[in-house]
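Colleague: I have a model open and would like to go through it with you. Can we take it one question at a time?

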Amino acid sequence: MTHDRWTSGDAELTNALRALYAAPTEERYWDALEARILAHVARGDEGAMWWGELMEMVRPGLVAAAALILAATLAMVRSQQIEARSAYASVIAAPSTLEASSRGASVGDGDVAIHYLLSR
Amino acid sequence: MPTPAEGAAAERAIVVAAQRGADDAFSALVRIHQRRAYAIVRAIVLSHEDAEDAVQEGFLHAHRALDRFRPDQPFGAWLYRIMANAALDLVRRRKVRDADELPESIPMPFRDPAESGELRERLQEALTHLTTRQRAVIVMHDVEGFTHGEIGRTLGIPEGTARSDLHHARAALRRLLQDIRSTP
């Protein structure tokens, strides 16, 4: 037996394959299958239409929700920017006061020290 | 009896009518093609029930895609490609679902129980050891009489690949069934 060709000895196998895969022969089977196919197609189209209509109805709501989310995000970003700016401004402003007070304090302390040393 | 050219022209007219939304035209297309469609998907899936599901799904896809079909093309080739894809999808879904188990036996209605023999049972089991594509190719070729070119076009593979798959499928079946075949 060669493995390169489907030899005549394989007819038994081919016949078994044909028996296994033989399509139904009764006409009423095909009539019934046709009806099932058409019903399936109609159901599928109805489903698609239903989904399409739902999407049509929902679309304005989705657009409004997206606009709302966008506006809220912008407002949040803006308020964060304002907060950051005011925090930054307060940080910048704070050292000048500290500096002034610390400068005053250090000068005062220096004077005291010099006076103390000179008095000895 | 219409000539092939007349048949093609008549079918084109039916396809155009179906594209315009005529339900009876689509029914006619189902009637014309359902047997061949069944044969193709049956070659790919493992059971008659799955073949029925795949045919229904295939026609649904075809109906939805009908407006994209160009009527100057052969409708059958376009439809059978959709059918093959529907069957392959179903096989993939089944593989995911039944990843851990292969069916011991496959229910086969419309068969004479007296037909069942050892070869038949072993053949059924042996076919599950082939790849989906090898199984499809051997059934389409040896059972349905498709040419290598037709198989390639339907399954979306080169003709040479269809030939090679057929060779490997036969060799695998010979090997798997060598102990029970009457002819050495």
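Modeller: Gladly. Keep in mind that this is a predicted model. Let us begin with a salt bridge: B:R163 pairs with B:E159, and their closest N and O atoms are 3.3 Å apart.

Colleague: In which helix do B:R163 and B:E159 lie, and how many residues apart are they?

Modeller: Both belong to helix α8 of chain B, which covers residues 159–177. Their spacing is about one turn of the helix. So the answer is helix α8, with the two 4 residues apart.

Colleague: Is B:R163 buried, partly exposed or exposed?

Modeller: Buried means under 20% relative accessible area, and exposed means over 50%. B:R163 has 45%, so B:R163 is in the class between. Its partner B:E159, at 40%, belongs there too. The class for B:R163 is partly exposed.

Colleague: Which residues are joined into one network by salt bridges that share partners?

Modeller: Take one pair of this network to start with. B:R94 and B:D53 meet through their side chains, at 3.9 Å from N to O. The cut-off is 4 Å, so this pair counts as a salt bridge. Through shared partners, the network holds B:D50, B:D53 and B:R94.

Colleague: B:R94 and B:D53 form a salt bridge. How far apart in the chain are B:R94 and B:D53?

Modeller: B:R94 sits in helix α4 (residues 75–97) of chain B. B:D53 sits in helix α3 (residues 48–65) of chain B. The pair links distant parts of the chain, 41 residues apart.

Colleague: What is the relative accessible area of B:R94?

Modeller: Its partner B:D53 is partly exposed at 35%. B:R94 is also partly exposed, because its value is not under the 20% that marks a buried residue. The relative accessible area of B:R94 is 23%.

Colleague: Which residue of chain A forms a salt bridge with B:R35?

Modeller: The closest N and O atoms of this pair are 2.5 Å apart. B:R35 lies in helix α2 of chain B and its partner in helix α2 (residues 27–119) of chain A, so the pair joins two chains. B:R35 is partly exposed at 36%, and the partner is partly exposed at 48%. That partner is A:E27.

Colleague: How many salt bridges are there over all chains?

Modeller: We have met several, including the one between B:R163 and B:E159. A search of the whole structure gives the total over all chains. The count is 10.

Colleague: Now the inside. Which helix of chain B gives the most to the largest nonpolar core?

Modeller: This core has 61 residues. B:F59, B:L123 and B:L155 have the most contacts inside it. One helix, spanning residues 23–44, gives 10 residues to this core. That is helix α2.

Colleague: Leaving aside neighbours within four places in sequence, which residues are in contact with B:L155?

Modeller: B:L155 is among the residues with the most contacts inside the core. Its contacts beyond those neighbours are B:I44, B:R81, B:A84, B:R133, B:A136, B:V137 and B:M140.

Colleague: What pattern does chain B follow along the sequence?

Modeller: Chain B has 8 helices and 0 strands. Of its 184 residues, 47% are buried. Read along the sequence, the pattern is α-α-α-α-α-α-α-α.

Colleague: Last one. Which residues make the nonpolar surface patch of about 300 Å²?

Modeller: One of them, A:L62, is in helix α2 of chain A. A patch residue needs over 30% relative accessible area, and A:L62 has 47%, so A:L62 passes that cut-off. The patch is made by A:M57, A:V58 and A:L62.

Definitions and conventions
Residues numbered from 1 in each chain as written. Chains lettered and ligands numbered in written order. Predicted model: local features only at pLDDT ≥ 70, side-chain atom pairs only at ≥ 80, totals over all residues. Heavy atoms only, no water. Buried < 20%, exposed > 50% of the residue type's maximum accessible area, 1.4 Å probe, protein only. Core = buried A, V, L, I, M, F, W, Y, C linked by side-chain atoms within 4.5 Å. Contact = heavy atoms within 4.5 Å. Patch = residues over 30% accessible without salt bridge, like charges linked within 9 Å, V, L, I, M, F, W, Y side chains within 5 Å. Areas by Shrake-Rupley, 256 points an atom, 1.4 Å probe, with all protein chains shown as cover.
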